[in-house]
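Subject: Structure handover

Hello,

Here is the structure we discussed. Please open it alongside this note.

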Amino acid sequence: MKIMFSAGEVSGDVHGEQLASSILRMDPSIELIGFGGARMEEAGVRLYENFADYNVMGVWEVIKNLRRLLKLLDGLTEFMRQEKPDLLVLIDYPDFNWRLAKRAKKLGIPVFSYIPPSAWAWRKGRAKECTKWADEFVAIFPHELPVYEKAGANISFVGNPLVDKVKAELPRQQARQHFGIPADKAAVLLMPGSRKQEIELLLPSMLAGAKKLLEQKPDTMFLLPVADGINEARIRQLIDEAGVPVTLTHEMRYSLMGAADAAVATSGTVIMEAALMGLPCVVLYRLSPLSYAVGKLLVHVENFSLPNILLGEQFEKELLQDAVTPENIAAELLRLYPGEESRNVVVTKLAAACEKLGAPGASARVAEKILTAARRLSESQELSGEEHEEL
């Protein structure tokens, strides 16, 4: 049996790695192919292409890269035609993956959606549209189910894989020693994200905020974990231009989170990872002016940070677009310093938000669903083919 994955960014690569490992443990005879990153490849997925050169966000950025993305879509379509997988598993990356799903269905390939588009937040009608193209869905957050259930989708929530993934390799004190964090200093993480656009739009503001923070808290050490596939030279250039001392790290990201006292980070999976490590964050989100203008018309949500969404309140500060200023970043980080009561409140609520992610073992449960779906849908297609031949 052959299963194809499609994941177009770092977070999807992490999820794909976990799924691939779980599937091959359950059934080593399964052949895994697809579009993804280095983690998936190391886990046993034979890649048609690595996503690193196609990782873009925002309306204008997609338009600029449209020709390359369409060429990739055509290439993956031909890859499916030749490989004839028994199931296509979409992992997030909605705008691209759902175009691929339509082509898969035209080729008679069943589709399984893992981390479907966030129809609860905007474009609720696409839940019904996605239901036409996918045979089964699995969400990683419970609040995503109602809109898909209403659209008639076969969808379930079996927990969030981050509960298993996010574990510190070292205890806090040992981690602080490993990363060279003095006992008398507060450690603040700068986490601008994994996309080039995020770094360009947010890292300069983070660094300017760090500079202001040092004026009030000189005993602060800043660290920046470098994401996979990121241009480290560009990060170093921005740091040098800002004139702020920042230590770059490349390993044991969760231990680093456990060693830190606060963080300023781009909204996304990393905020939930930090929550699982008990690390309070100032959450940033900024798009290009065109992308933001379009998004403002379409997206209607009270909160955009996952921990806030899970509890239905903004207990962790969110700074959006023009609110992303050095002054705001520094002021909000001050509230998260050790000893501050506001920090204690945030940490307590982070733990409550994490409880909503479900029990450990989510990746294995999703892998089992994928295998069951692949076998069931494959058998169903074989029977349909036999009936067609008889007719």
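Below are notes on a sheet, the helices on it, and one residue elsewhere in the sequence.

First, a caution: this is a predicted model.

The sheet

The sheet is open and has six strands. Their order is E10-E9-E8-E11-E12-E13, and the pairing is parallel. The edges are strand E10 (246–249) and strand E13 (318–320). Each has a single partner strand, so one side of each lacks a neighbour in the sheet. On average, neighbouring strands are turned by 20 degrees against each other, direction ignored.

Look at the pairing of E8 (residues 186–191) with E11 (residues 262–266): it is parallel and runs over four bridges. Val188 has Ala262 as its bridge partner in E11.

Helices on the sheet

Helix H11 (residues 232–242) packs on the sheet and touches strand E9 (220–225) and E10. The direction of H11 makes about 170 degrees with that of E10. Helix H13 (residues 269–276) also packs on the sheet. Its contacts there are E8, E11 and strand E12 (281–285). Between the directions of H13 and E11 the angle is about 160 degrees.

Ala353

Ala353 sits in helix H17 (residues 341–355). Is Ala353 buried or exposed? Its relative accessibility is 0%, so Ala353 counts as buried; the cut-off for buried is under 20%. Leaving aside residues up to four places away in sequence, Ala353 touches Pro307, Leu310 and Leu311. Asn308 is 45 residues from Ala353 in sequence, yet their C-alpha atoms are 7.7 Å apart.

Best regards

Methods: Residues are numbered from 1 along each chain as its sequence is written. This is a predicted model: local features need pLDDT of at least 70, side-chain atom pairs count only at pLDDT 80 or more; totals for chains, interfaces and linings use all residues. Side-chain values use heavy atoms; hydrogens and water are left out. Helices (H or I, at least four residues) and strands (E, at least two) are DSSP runs, numbered from the N terminus. Buried means under 20% relative accessible area, exposed over 50%, partly exposed in between (1.4 Å probe, protein chains only). Contact means heavy atoms within 4.5 Å. Two strands pair if DSSP finds at least two bridges between them. Axes are lines fitted to C-alpha atoms, for helices over the stretch in contact, and angles run from 0 to 180 degrees between N-to-C directions.
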